[in-house]
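Me: I would like to learn how to read a protein model feature by feature, with the general idea set beside a worked case. Could you take me through one?

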Amino acid sequence: MSNYEYDAIVVGAGPGGSTVAALLANAGKRVLLVDKNAKPGGRMITIKREGFSYELFPINCVPQHDSLFEKLSAILGKQNDVNLILGDDFGIGKLYYETPQGEIRGWMMNFKPANLIKMLGFIGVKLWDVRALAQMTRVAGKLIKMKEDEIAKLYNISAMEYFDSLGPVPVGFRTFMLATFGEGAFEMTSDRVAAGEMVKMFQTTVKGSGGRYYEGGIGHFFEVMATAVTDHGGTLLMSTRVKSIDTENGAACGITTEDGQQYRAPVVISNAGIRQTVLKLVGETHFPRDYTVKIKSLENNLACVGYRYFTSKPVLEYPMMVLFPEGCVSKYSEFEKIERGEAKPESGYIYIGTTSLYPDMAPQGKQVVYAVVSCVSDTNVDPAPYLEYIEKGVRKVVPELLKPGVIARMEIMTTAIVPGVGNDAIFPGQGGESYGIANTLGQAGPDRPDGSTPMKGLYIVGNDAAGFGLGTHQAVDSGFNVFEMVMKHG
C-alpha cells in the first residue's frame, strides 16, 4: 500500500470523525484522518492562550456516568491518558428563575430526591399547593416511566405540543422542562424539537447524569483519541482542507485536497456535514434527485452569540448558571422576528458558565466566563441586541462580574466564527449552527439520516447522522454507529 492509499479516509476530526477514525484504526484499518483545523476537536477544539485552556463555545457534557466517551477511551486503551472530571466533584450548576415581577429564585441543579423539594421553590410551587404538586408528579412520572416503544411514537409531534397535551402544569415547571430539555439540550425551539428527543433527554438527566468534563478540555480528549490513528499506522493530516470527495464508477474512491494532492480509499467517511458533503464535496449530480431534494430541505439548529470574559479574579463558584425568565419558552418564529429587526431579545434564557474551575484550565485566581443566548444560525447575525440583553441578565445573577477591574479582557462570540472551525457555510442563512442539522420533526429519531448514503463507500458521521445525546455525545454515538456499518458492509 502506497503512502497515499488507505482502507478508509475520514474527512473532519470533530468528535464524530475522531471517534470513527480511531475505532477503525484500532480494528486494524489503515486510516487517514484529515481536518482543516490545526488539531482535532471541531467546534469543541481546545484553545490554549495566555495560560487559559478553553473551548470557543460553552460545553456541558451529559451523561456524567457511563458515557460513550469512557467506552471509547477504554476500547482504545487510552483511559489513563485522559482525566475524567465528574460534576459530582464540582457541582453541576445553579439555575435562576425570574418572575414577571422581577423576583429571582435560585436552585442548585440536582435530581436526587432530597433536592427536588428545593426545586419547588425555584419554579414557584408551594408545598401546600396540592393541585400543582399533583399536576407535576403526574407529568414527570409519565415521562420518567415511558418505555422505548412508547417514546418511538413521539417523533412526529413537537416537544411543546406533546408536553402541553399532557394537561395543565404550573407555568414555572413548563418553562423549566421545555427550555431545558428542548432548546437547552438540542439548541432548537421546543415547537420544532421532536418530543421523543425531549423525553429521552429528560430520562437521561433524571438518572443522575449531571456534568462531565476532562482535564485539558473536550478538544484535548479528541486529540488523544485521534492518536489511535497513528498508533496503528495511519495518518493525521491537520491544517489541510479537502477540495472534493472523489468518485469512480459511482462509488467513493478518495479525496483531493486544496493543494491538489489525491488520497485513495474504498471508504470515505465525512464529518463535514451531510449537506456540505453531498452538495459541495461530492456534488449533487452524483446522487438521485429525490435524495438531494431531501438533503436541501434539512433544517439546521440554532446558534449562540455572547461573551467570553477573561477575569482578573474568581467570579463563578459553579461550572454552570442559567437564568430562566418566566415565559422564555420560545417558538422558532420569535427568533426569526428578532433577526428581521421586528423584535428584540427580551425573554430568552441566558447560559453563564466556566471551565476554569477544573484543574489546570486557567491561571491561578482567574477565569474565562461564557455568557450566551440562542439566535438563528445566519452568519450575518448582528450580535449587538443580544449582547445588550446578556449584560442585563448578568447584572441580575452575577453582578460582581461587571464590577470595575474584574474583566481583564473580553471576546465576542458570533455566528460568523463558526464555519472557521466547524462545517462550512453553503446556504444563505446557515453556517453558525451549534451542531448541524436539528433534532426536529422529520429528521429526528428514526427519521434522522443513519450515516449511510446512496453512494457506495460514502458515509456521514457526526451530529448530522444517527445518534442520540447532548451535542458531542450524539456525535460520538454516531461514530460508533458508522464504525459498525463500515465493518459490516465496507
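Reply: What follows goes through strands, burial, a helix, the surface and some backbone angles, in that order. Please keep in mind throughout that this is a predicted model.

Me: Let me begin with sheets. In what order do the strands of the open sheet stand, and what is the sense of their pairing?

Reply: One reads a sheet by asking which strand lies beside which. Here 3 strands make an open sheet in the order 10-11-12, with antiparallel pairing. Strand 10 (242–248) and strand 12 (262–264) are the edges, and because each has a single partner strand, one side of each is left without a neighbour in the sheet. On average, neighbouring strands of this sheet are turned by 30 degrees against each other, direction ignored.

Me: How many bridges hold strand 10 and strand 11 in their pairing?

Reply: Strand 10 and strand 11 (residues 251–257) pair over 6 bridges in the antiparallel sense, and as a case to find on the display, Ile245 stands opposite Ile255 of strand 11.

Me: Now burial. Why is strand 16 described as largely enclosed?

Reply: The step of reasoning needs a cut-off, since a residue is called buried when its relative accessible area is under 20%. In strand 16 (residues 350–354), 5 of the 5 residues are buried, and therefore the strand is largely enclosed by the rest of the structure. The side chains can also be sorted by direction: Ile350, Ile352 and Thr354 point one way, Tyr351 and Gly353 point the other way, and all are buried.

Me: Which strands are joined to strand 16 by bridges?

Reply: Strand 15 (residues 320–325) is joined to strand 16 by 4 bridges and runs antiparallel to it, with Leu323 having Ile350 as its bridge partner. Strand 17 (residues 368–375) is also joined to strand 16 by 4 bridges, again in an antiparallel run, and there Tyr351 stands opposite Val372.

Me: Which strands pair with strand 14, and how many of its residues are buried?

Reply: Strand 14 (residues 303–311) pairs with strand 17 in the antiparallel sense over 8 bridges, where Gly306 stands opposite Val372. Strand 14 also pairs with strand 18 (residues 407–413), antiparallel and over 6 bridges, and Tyr309 stands opposite Met410 in that pairing. As for burial, 9 of the 9 residues of strand 14 are buried, so this strand is largely enclosed by the rest of the structure.

Me: Can we follow a single residue? What is Val368 in contact with, once its neighbours within four places in sequence are left aside?

Reply: Val368 is found in strand 17 and is buried, with a relative accessible area of 0%. Leaving aside neighbours within four places in sequence, its contacts include Phe52, Tyr54, Tyr309, Phe310 and Gly353.

Me: Turning to helices, which parts of the structure cover the buried residues of helix 11?

Reply: A helix is read by asking which of its residues are covered, and then by what. In helix 11 (residues 274–282), 8 of the 9 residues are buried, among them Ile274, Val278, Leu279 and Val282. What covers these buried residues includes strand 1 (8–11), strand 10, strand 13 (268–270), helix 12 (289–297) and strand 19 (458–460). Just after helix 11, Gly283 takes a positive phi of about 110 degrees.

Me: And on the surface, which residues make the nonpolar patch?

Reply: Ile117, Leu127 and Trp128 make a nonpolar surface patch of about 410 Å². Of these, Ile117 is found in helix 4 (residues 113–122), and it counts as exposed at 53% relative accessibility.

Me: Lastly, which backbone angles deserve a second look?

Reply: Most residues other than glycine have a negative phi, and most peptide bonds are trans. Ser239, which is not a glycine, has a positive phi of about 55 degrees; it lies in the loop between strand 9 (235–237) and strand 10 and is exposed, with a relative accessible area of 53%. Asn249 likewise has a positive phi, near 55 degrees, in the loop between strand 10 and strand 11, and is exposed at a relative accessible area of 80%. The peptide bond from Val62 to Pro63 is cis, with omega near 5 degrees, and Pro63 is found in the loop between strand 4 (52–55) and helix 2 (68–76).

Definitions and conventions:
Residues are numbered from 1 along each chain as its sequence is written. This is a predicted model: local features need pLDDT of at least 70, side-chain atom pairs count only at pLDDT 80 or more; totals for chains, interfaces and linings use all residues. Side-chain values use heavy atoms; hydrogens and water are left out. Two strands pair if DSSP finds at least two bridges between them. Helices (H or I, at least four residues) and strands (E, at least two) are DSSP runs, numbered from the N terminus. Axes are lines fitted to C-alpha atoms, for helices over the stretch in contact, and angles run from 0 to 180 degrees between N-to-C directions. Buried means under 20% relative accessible area, exposed over 50%, partly exposed in between (1.4 Å probe, protein chains only). Contact means heavy atoms within 4.5 Å. Patches are made of residues with over 30% relative accessible area and no salt bridge: like charges are joined within 9 Å, nonpolar side chains (Val, Leu, Ile, Met, Phe, Trp, Tyr) within 5 Å. Accessible areas come from the Shrake-Rupley method with a 1.4 Å probe; for residues, only the protein chains shown count as cover. A salt bridge is a side-chain nitrogen of Lys or Arg within 4 Å of a carboxyl oxygen of Asp or Glu.
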